[in-house]
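Take a look at the model below. The paragraphs after it lead from the surface to a pocket, and then to charged pairs and loops.

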Amino acid sequence: IEKALKEKTGYETATMLRTKEELEKFVALDPFKNMKVDATHKPHVTFLKKGGEVCFTVDMLTQKTPKVMLELEKKHGKLITTRTLNTVQRVTKLLQ
């Protein structure tokens, strides 16, 4: 996939794949059950290329998502991708 993307777009990009079962297991764990989630605290999931996830909320009133992304890149490197929990849940549902 990465090779094909480079051939089509002309630049390198990393892909992070998760199976249907891995996504279903992740969603079933309800990783945000002990975090504040509401209209201003949006849940996000960062998938790591090496495997695993980082779950966090962004207080949309006091934080900017790009700043959070820079901090994640500092800690985990650039081989990450972040999605909202809503997106992860929708994709998982589409796979059923």
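Does L17 count as buried, partly exposed or exposed, and what is its relative accessibility? L17 counts as exposed, because its relative accessibility is 59%. Buried means under 20% relative accessible area, exposed means over 50%, and partly exposed lies in between (1.4 Å probe, protein chains only). L17 sits in the loop between α1 (2-9) and α2 (20-28). Helices (H or I, at least four residues) and strands (E, at least two) are DSSP runs, numbered from the N terminus.

This is a predicted model, in which local features need pLDDT of at least 70 and side-chain atom pairs count only at pLDDT 80 or more, while totals for chains, interfaces and linings use all residues. Residues are numbered from 1 along each chain as its sequence is written, and side-chain values use heavy atoms, with hydrogens and water left out. The predictor's confidence in each residue is its pLDDT, on a scale from 0 to 100. The chain has a mean pLDDT of 92. A value of 70 or more is reached by 100% of its residues. Helix α4 (residues 85-94) has the highest confidence, at a mean of 96. Confidence is lowest in helix α3 (residues 65-76), where the mean is 89.

Now the overall layout. The chain has four helices and three strands. Read from the N terminus, the order is α-α-β-β-α-β-α. Along the principal axes, the C-alpha atoms fill a box of roughly 40 × 35 × 20 Å. The chain has 96 residues, and 23% of them count as buried.

Return to L17. Together with I1 and L5, L17 makes a nonpolar surface patch of about 300 Å². Patch residues have over 30% relative accessible area and no salt bridge; like charges are joined within 9 Å, and nonpolar side chains (Val, Leu, Ile, Met, Phe, Trp, Tyr) within 5 Å. Accessible areas come from the Shrake-Rupley method with a 1.4 Å probe, and for residues only the protein chains shown count as cover.

L17 has a second role in this description: L17 is one of the residues lining the largest pocket. The others are T15, M16, R18, L23, F47, T81, R83, T87, V88 and V91. Two elements, β3 (80-84) and α4, give two or more residues to this lining. Helix α4 gives the most, with three residues. The largest pocket holds about 270 Å³ of space. A pocket is found on a 1 Å grid over the protein atoms alone: it is an open set of points where a 1.4 Å probe fits, with protein on both sides within 12 Å along at least five of seven lines, and lining residues have an atom within 4 Å of a point. Grid points are joined across faces, edges and corners, and the volume is the space filled by probe spheres set on the points.

One lining residue deserves a stop. F47 lies in strand β1. F47 counts as buried because its relative accessibility is 7%. The C-alpha atoms of F47 and E73 are 12 Å apart, with their positions 26 residues apart along the chain counted as sequence separation.

Next, the charged pairs. The structure holds six salt bridges. Each is a side-chain nitrogen of Lys or Arg within 4 Å of a carboxyl oxygen of Asp or Glu. One of them joins K6 and E12, at 3.3 Å from N to O. E12 is exposed, at 65% relative accessible area, and K6 is partly exposed, at 40%.

Helix α2 carries another. K20 and E24 meet at 3.8 Å, N to O. They are four residues apart in helix α2, so about one helical turn separates them. Both are partly exposed, K20 at 32% and E24 at 27%.

Helix α3 also has a bridge. K74 and E71 meet at 3.6 Å, N to O. These are three residues apart in the helix, so about one helical turn lies between them. K74 is exposed at 66%, whereas E71 is partly exposed at 43%.

Last, the loop between α2 and β1 (41-48), which includes T40. T40 is partly exposed, at 24% relative accessibility. T40 and T57 are 17 residues apart in sequence and 9.3 Å apart in space, C-alpha to C-alpha. D30 is placed in the loop between α2 and β1 too. Its phi is near 50 degrees, a positive value in a residue other than glycine. D30 is partly exposed, at 39% relative accessibility.
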